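Student: I'm new to this one. Could you walk me through it, one question at a time?

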Amino acid sequence: MLSQKNVESVTGIPARVFLDTIRRPGFPLPVTRLGKLRLVQREAFVTYLQALAGDPAPRRAAAEDERTGVAAVLAAVGLEPVRQPRAG
């Protein structure tokens, strides 16, 4: 099992990135909660990461969905998103 306490030593991923990943809507793996500790099966999580690394399309689609959602919220209050060039 992986938790935020051991994920960096096992996978090299910082604990904050691990927690953000498992809290995302649509995260496909079961997460066991023990108090503040969050656990996922190590093999399944590594397989999930490999699938993400091999197929960048779902990440682009998720980013586009997020932008669309933000635009919808802004439009609801009468505002528009402002495009800014990416830094670096």
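**Rings and core**

Tutor: Happy to! Phe27 has a relative accessible area of 12%, so Phe27 is buried. Keep in mind that this is a predicted model.

Student: Is Tyr48 buried or exposed?

Tutor: The cut-off for buried is under 20% relative accessible area. Tyr48 has a relative accessibility of 19%, so Tyr48 counts as buried.

Student: Which helix gives the largest share of the largest nonpolar core?

Tutor: That core has 11 residues in all, including Leu2, Val7 and Ile13. Two elements give two or more residues to this core: helix H3 (42-54) and helix H2 (15-23). The largest share, 3 residues, comes from H2.

Student: What is the angle between the planes of Phe18 and Phe45?

Tutor: The structure holds 4 aromatic pairs. In the pair of Phe18 and Phe45, which is edge-to-face, the rings are 5.3 Å centre to centre, and the angle between the planes is 75°.

Student: How many residues apart in sequence are the parts that this pair of Phe18 and Phe45 ties together?

Tutor: Look at where each ring sits. Phe18 lies in helix H2 and Phe45 in helix H3, so the parts tied together are apart in sequence by 27 residues.

Student: Now for a charged residue: which side chain of opposite charge is nearest to Arg38?

Tutor: Arg38 lies in strand E2 (residues 37-39). The side chain of Arg38 reaches the backbone oxygen of Gly35 at 2.7 Å. Arg38 is buried yet has no salt bridge, and the nearest side chain of opposite charge, 11 Å away, is Asp20.

Methods: Residues numbered from 1 in each chain as written. Predicted model: local features only at pLDDT ≥ 70, side-chain atom pairs only at ≥ 80, totals over all residues. Heavy atoms only, no water. Helix = DSSP H or I, 4+ residues; strand = E, 2+ residues; numbered from the N terminus. Buried < 20%, exposed > 50% of the residue type's maximum accessible area, 1.4 Å probe, protein only. Lys, Arg positive; Asp, Glu negative; His and termini not counted. Salt bridge = Lys/Arg side-chain N within 4 Å of Asp/Glu carboxyl O. Polar contact = N/O pair within 3.5 Å; in protein donor to acceptor, adjacent residues only side chain to side chain. Core = buried A, V, L, I, M, F, W, Y, C linked by side-chain atoms within 4.5 Å. Phe/Tyr/Trp six-rings, centres within 6.5 Å; stacked < 30°, edge-to-face > 60°.
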